[in-house]
Amino acid sequence: MNKLRTILYITVFLLIGMTHIYAGGSQDASVSTVMETGAAKDLFVYGIDGDPTNNVNPITASGRYDLMATKAMFSPLWVFNGPEDLYFYLATDVSASADMLTYTVKLRDDVKWHDGEEFNADDVVFTYKTIVEQPTANGHDVYQFNGKPMKVTKVDDFTVQFTFPTAIPFALEILSAEKFMTPEHIWAGETEFQVNEKNAHPIGTGPYKFSEYREGESLTLVKNEDYFLGEPEIDKVIYRVVLDANAAVVALQKGEIDALAIQPTDVTKFDKNQIGVYPYSENRIGYLSAVLYRENMDNINFRKAILFGINKSDLIKATYVSEDFALNARSFLPEHASYYSKDVETYEYDLSMAKEFLAKSGLKNPQIKIAYLANNPTYETQALLIQANLAAVGIACELMPLDAGAMYNNALYPKTAEFDLFLGGYIMGVDPDNYASLFTSEGGANFSGIKNETIDGLFAAGRVELDTSKRAAIYKELQKEFMDYAFFLPLSENKRILAISNRIGGIDEAKLVPIFTFEDMSKLIEK
């Protein structure tokens with residue numbers, strides 16, 4: 001992606017759902033296939049509401065389900081979940097130079113690709129050089145610094161160095177976030193990674209190997225007996241595409257699938273003796289954004305009328321049942337992010353304030369359009385409630401349910417939207433710099449069309465400031481300025497809820513994490 005595109009492909013769903021969806025086959029046919037395979041021993045069947053596709057490639061993977069499949073088949077250098085939470089995979093050590101420009105990484109010398117070839121520094125250099133050079137690569141933008149790219153060089157067969165053109169305080173995160181090593185011996189000389197016949201049979205170093213893909217139905221993986229962190233306990237993993245949410249719940253209840261991400265309203269539908277329910281944070285922000293290049297949306301008093309007119313507490317109760325499953329978001333940053341601040345304007349529901357700002361706007365009987373992803377019950381419920389809220393303010397709203405292509409590829413990316421507000425969501429990571437692509441004037445995922453010199457300047461200053469206390473001050477000011485500009489309303493920080501058969505164990509060891517579901521699927525066991 002750019003990390004940006006990833007982010008908003010993930011936006012595409014409620015608790016974040018699918019990226020590419022196929023209609024192939026009836027829903028009944030998909031579920032019955034699950035029944036035929038679900039009884040097998042040493043098998044884990046994960047029901048998903050999107051299709052990973054047969055173009056899974058670690059260079060370009062950017063949606064929930066292609067990233068999920070990538071995580072199972074490929075490996076990162078390390079995983080960074082915060083300054084005190086770094087776990088090595090293909091790397092064994094990383095050290096920074098005194099000037100924080102160069103990072104030296106030591107690699108494992110006992111790893112083989114699924115085809116038996118040895119993993120070494122050439123693969124790491126190839127992976128990162130490709131990301132730096134390919135505009136469509138996931139992470140391309142974050143490795144560019146005022147027109148100067150990060151560089152990666154081979155020191156020896158199991159040592160590499162990353163050199164940045166400027167010192168940055170978040171190098172460990174951007175070197176690892178959604179970055180999975182790609183085999184140089186297979187991909188050398190290729191220039192097209194997103195659509196390539198080689199993607200039909202991925203070769204990685206991860207705990208599971210590719211076995212079979214059926215469009216719109218399933219992706220089947222088998223265990224990698226030579227996995228460098230230990231042979232997985234479960235022999236086979238099937239990602240089963242089940243698009244109908246009700247059919248998926250029934251399939252889990254019947255034991256036709258073993259796991260499913262569910263809605264808060266589904267939690268009480270399962271027998272606790274058979275199905276365990278695991279809510280966990282993904283640090284996802286669900287939001288409502290203005291499209292600032294649309295008529296009247298440059299009027300800040302009108303925007304404030306909209307924001308004060310929305311009852312966020314009611315939205316959370318209607319869509320997530322309670323704050324057990326979603327928090328009332330107050331910033332564009334999730335609470336777990338570095339430098340999160342509550343010292344901002346939160347636009348708590350105030351009908352009289354909303355009417356006052358509408359009067360200040362000078363607009364008479366304004367009409368606006370709200371876009372959201374179709375066939376998504378959370379967005380649909382939120383849109384209906386917002387429509388009712390704003391009607392009470394005196395703002396008429398037309399609802400526009402759209403598919404992902406129409407909303408993003410045909411409207412928000414090219415900045416040709418024919419709607420004024422849109423509902424979305426993102427998962428961006430720990431460091432605030434990750435969010436710059438969404439909210440700076442030249443950001444690759446600047447869907448709102450914001451152009452604010454103060455916000456641009458604060459993001460730029462925070463990116464290169466190494467002093468922790470000074471960074472904290474910069475990002476506190478940024479969050480305040482951001483909310484004062486009144487173009488974006490954080491609605492919720494919702495949890496993802498995994499329901500999983502009690503016959504599957506090792507969940508704590510596998511670790512539930514954003515986007516991928518499991519940090520290391522090899523740790524799952526069949527009881």
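The second largest pocket in this predicted model encloses about 580 Å³ of space. Its lining is made up of 23 residues. Those nearest the centre of the pocket are Asp-141, Gln-144, Ala-436, Thr-440 and Arg-463.

Let me turn to the character of that lining. Ten of its residues are polar, seven are nonpolar and six are charged.

Which elements supply at least two residues each to the lining? They are the helices α1 (3-10), α13 (436-439) and α14 (453-464), together with the strand β6 (144-145). Of the contributors, α14 gives the most, namely five residues.

Where does this pocket lie with respect to the domains? Residues of domain 2 (78-186) and of domain 3 (282-494) both enter the lining, and the pocket therefore lies between these two domains.

I now come to the domains themselves. The domain assignment also gives a domain 1, which is built from three segments of the chain, 43-74, 206-258 and 503-526. Between the C-alpha centres of domain 1 and domain 2 the distance is 25 Å. Each of these two domains brings 22 residues to their contact. Together, domain 1 and domain 2 bury about 1,700 Å² between them, and carbon and sulfur atoms account for 62% of that area.

Finally, a word on the annotation. An unreviewed UniProt entry places "domain: Solute-binding protein family" on residues 90-446. Across residues 90-446, helix makes up 25% of the chain and strand another 25%. The C-alpha atoms at the two ends of this stretch are 34 Å apart.

Methods:
Residues are numbered from 1 along each chain as its sequence is written. This is a predicted model: local features need pLDDT of at least 70, side-chain atom pairs count only at pLDDT 80 or more; totals for chains, interfaces and linings use all residues. Side-chain values use heavy atoms; hydrogens and water are left out. On a 1 Å grid over the protein atoms alone, a cavity is a set of points where a 1.4 Å probe fits but cannot get out, and a pocket is an open set with protein on both sides within 12 Å along at least five of seven lines; lining residues have an atom within 4 Å of a point. Grid points are joined across faces, edges and corners, and a volume is the space filled by probe spheres set on the points. Helices (H or I, at least four residues) and strands (E, at least two) are DSSP runs, numbered from the N terminus. Ala, Val, Leu, Ile, Met, Phe, Trp, Tyr, Cys and Pro count as nonpolar, Asp, Glu, Lys and Arg as charged, and the others, Gly among them, as polar. Domain bounds come from an automatic or database domain assignment. UniProt positions are given in the numbering used here, feature names are shortened, and annotations may be inferred rather than shown by experiment. Contact means heavy atoms within 4.5 Å. Buried area is the accessible area (1.4 Å probe) that two parts lose on being put together, summed over both.
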